[in-house]
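Biologist: Before accepting the labels attached to a model, I should like to hear the reasoning behind each of them. Could we take them in turn?

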Amino acid sequence: TEEESAIKIITIDDVDFAILNYTYGPNMEILPYSIEGHLDMLCNYDEATNQIDFTTIHPDVLADIAEAESLADVVVVCPHWGTEYTIKPSTYQQKFAKQMTEAGADIIIGTHPHVIQPLEWIQADNGNRALCYYSLGNYVSTQKQALCMLEAMAWITIEVTEEGAVIKEE
């Protein structure tokens, strides 16, 4: 029998959504063996030492996105990434966003920096496009820094046409 996919699909008004969530790590440079397998890792790590490589996306992320693209109309990826309190996305966030787009992500909604970072359309070399919110900031927080008190909300309109579901550019 065929193994069931780990990718879960949510159907809303006949549109299938896959929502994938990954974290750069557990706020440490080395992934503790006790939590290995309990996190969906965004960054690759050395399996012998569990040293996290914050500059390289984990290959499972790209494989999951490609699988999700074959199962869903819209693929949403939610990475926990970036440098805290930095209002511009890092080069690694930009690199990872392009790789995720190339793999089939339609929407990328980032978290972790505690501040708002820009949004942009990512254009991959293979023609895929994704709407990327690098960071929405803190929705609810007790942090007292002024930048951490700002928050954003993603408002995305999905238009269903004969060709399929597309993100409406407004």
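The exchange below concerns a predicted model and the grounds for its descriptions.

Biologist: What makes the contact between Tyr24 and Phe54 an aromatic pair, and why is it called tilted?

Modeller: Ring centres must lie within 6.5 Å to pair, and those of Tyr24 and Phe54 are 6.1 Å apart. Planes under 30 degrees apart count as stacked and over 60 as edge-to-face; the angle here is 55 degrees, so the pair falls into the remaining class, tilted.

Biologist: Where in the chain do these two residues lie?

Modeller: Tyr24 is in the loop between β2 (15-23) and β3 (43-45), whereas Phe54 belongs to strand β4 (residues 52-57). The pair links distant parts of the chain, 30 residues apart.

Biologist: Why is Tyr24 called buried, and why is Phe54 called partly exposed?

Modeller: Buried means under 20% relative accessible area, and Tyr24 has 13%, so it counts as buried. Partly exposed lies between that limit and 50%; Phe54, with 31%, therefore belongs there.

Biologist: Why is the pair of Trp81 and Tyr134 described as stacked?

Modeller: Their planes are 25 degrees apart, and an angle under 30 degrees counts as stacked. The centres are 5.9 Å apart, so the distance criterion of 6.5 Å is satisfied as well. Trp81 lies in the loop between β5 (74-80) and α2, and Tyr134 in strand β8 (residues 129-136), 53 residues apart. Trp81 counts as buried because its relative accessibility is 2%, and Tyr134 likewise because its value is 1%. By this rule the count comes to 2 aromatic pairs.

Biologist: How do you know that the buried residues of α2 lie on the same side of the helix?

Modeller: In α2, Gln93, Phe96, Ala97, Met100, Thr101 and Ala103 are buried. They cover an arc of only 160 degrees around the axis, which puts them on the same side of α2. An α-helix has 3.6 residues a turn, so residues three or four places apart point the same way.

Biologist: How does the span of α2 compare with the one expected?

Modeller: Helix α2 (residues 91-103) has 13 residues and extends 18 Å from first to last C-alpha, close to the expected 18 Å at 1.5 Å a residue. Gly104 follows α2, and its phi is positive, near 130 degrees.

Biologist: What makes the phi values of Asp13 and Tyr85 worth stating?

Modeller: Most residues other than glycine have a negative phi. Asp13 has a positive phi near 50 degrees, and that of Tyr85 is positive too, near 65 degrees. Asp13 is in the loop between β1 (9-12) and β2, while Tyr85 is in the loop between β5 and α2. Asp13, at 72% relative accessible area, is exposed, because the limit for that class is over 50%. Tyr85, at 37%, is partly exposed.

Biologist: Why is β5 called largely enclosed?

Modeller: Of its 7 residues, 5 are buried, so β5 is largely enclosed by the rest of the structure.

Biologist: How do you know that β5 pairs with β2 and with β6?

Modeller: Strands pair if at least two bridges are found between them. β2 and β5 pair in the parallel sense over 7 bridges, and Phe17 stands opposite Val74 in β5. β5 and strand β6 (residues 107-109) run parallel and are joined by 2 bridges, so that criterion is met. The bridge partner of Val77 in β6 is Ile108. From β5 the chain crosses through α2 to β6, a right-handed β-α-β crossover.

Key
Residues are numbered from 1 along each chain as its sequence is written. This is a predicted model: local features need pLDDT of at least 70, side-chain atom pairs count only at pLDDT 80 or more; totals for chains, interfaces and linings use all residues. Side-chain values use heavy atoms; hydrogens and water are left out. Helices (H or I, at least four residues) and strands (E, at least two) are DSSP runs, numbered from the N terminus. The expected span of a helix is 1.5 Å times one less than its number of residues. Buried means under 20% relative accessible area, exposed over 50%, partly exposed in between (1.4 Å probe, protein chains only). The arc is that of the directions from the helix axis to the C-beta atoms. Rings of Phe, Tyr and Trp (its six-membered ring) pair if their centres lie within 6.5 Å; planes under 30 degrees apart count as stacked, over 60 as edge-to-face and the rest as tilted. A crossover is right-handed if, with the strands pointing away from the viewer, the path from the first strand over the helix to the second runs clockwise.
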